[in-house]
Amino acid sequence: MEFDDVILGRRSIRGYKPAPVPPELIKEILALAMRAPSSMNTQPWNFYVITGAPLDRIRQGNTERNLAGVPHSREFRTGQAFEGVHRERQIGVAKQLFSAMGIARDDKQQRQDWVLRGFRQFDAPVCVIITYDRELASSDDTAFDCGAVATALVNAAWSRGLGAVINSQGIMQSPVVREHAGIADDQVIMKSIALGWPDDSFPANAVVSERKSVGEATTFVGFESGASK
């Protein structure tokens, strides 16, 4: 694919075919992703790539603990609930997804089922857990760098015909993830990425989230006056 095709065509994929993903293809994608920039070349990231029975145990543990009301134990801080325009955008994409899936506003059961899909990593055949070296945890650059490698990973996957979605539900019950993925104590769990072949028949996969314009997001300083319009 051309670069523009990858960036403009990529979507968050929440429905997958059960077909396995060859490990050599995953290695190829990771090699591309790891060309992402990092602060002073620290490369703080590591990847735990999970499939099969271990992934099923994570799905089960996440689901059971969530339904039992076990408090979330995400290791990377979530911050306060969104407000204002950020909350509006959160609601906006939820409306797009629920509309695509035919989930009514008052259908609590289907809404819960949708949430549980996230705890199951959207039933993808592969889950990639991104961690970072604990000794770098006090630096905000570390989280920035892991965000860069996550973005590079999902774009590299898309360029190879694979779909992905970066999500937090899959790591909300971190003891489950840490146990069944064998994550070392010197690592902090940051994000999970569901990975697999997109199921084109899954309605939510057609959703393209809205983006604010360059004009809304950008301030030009020191250019000709016309460039800032």
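This short talk goes through the overall build of the chain and then one patch on its surface.

Please keep in mind that this is a predicted model, in which local features need pLDDT of at least 70 and side-chain atom pairs count only at pLDDT 80 or more, while totals for chains, interfaces and linings use all residues. Residues are numbered from 1 along each chain as its sequence is written, and side-chain values use heavy atoms, with hydrogens and water left out.

The chain has eight helices and four strands, taken as DSSP runs numbered from the N terminus, with at least four residues of H or I for a helix and at least two of E for a strand. Along the sequence they follow the order α-α-β-α-α-α-β-α-β-α-β-α.

As for overall dimensions, the C-alpha atoms fill a box of roughly 60 × 45 × 35 Å along the principal axes. Of the 229 residues, 38% count as buried, meaning under 20% relative accessible area with a 1.4 Å probe and protein chains only, where exposed is over 50% and partly exposed lies in between. Among contacts (heavy atoms within 4.5 Å) between residues at least 6 apart in sequence, 84% join residues at least 24 apart.

Turning to the N-terminal part, I7 sits in helix α1, which spans residues 3-9, and I7 counts as partly exposed because its relative accessibility is 37%. Together with F3 and L8, I7 makes a nonpolar surface patch of about 370 Å²; such patches take residues with over 30% relative accessible area and no salt bridge, joining nonpolar side chains (Val, Leu, Ile, Met, Phe, Trp, Tyr) within 5 Å and like charges within 9 Å. A salt bridge here is a side-chain nitrogen of Lys or Arg within 4 Å of a carboxyl oxygen of Asp or Glu, and the areas come from the Shrake-Rupley method with a 1.4 Å probe, only the protein chains shown counting as cover for residues.
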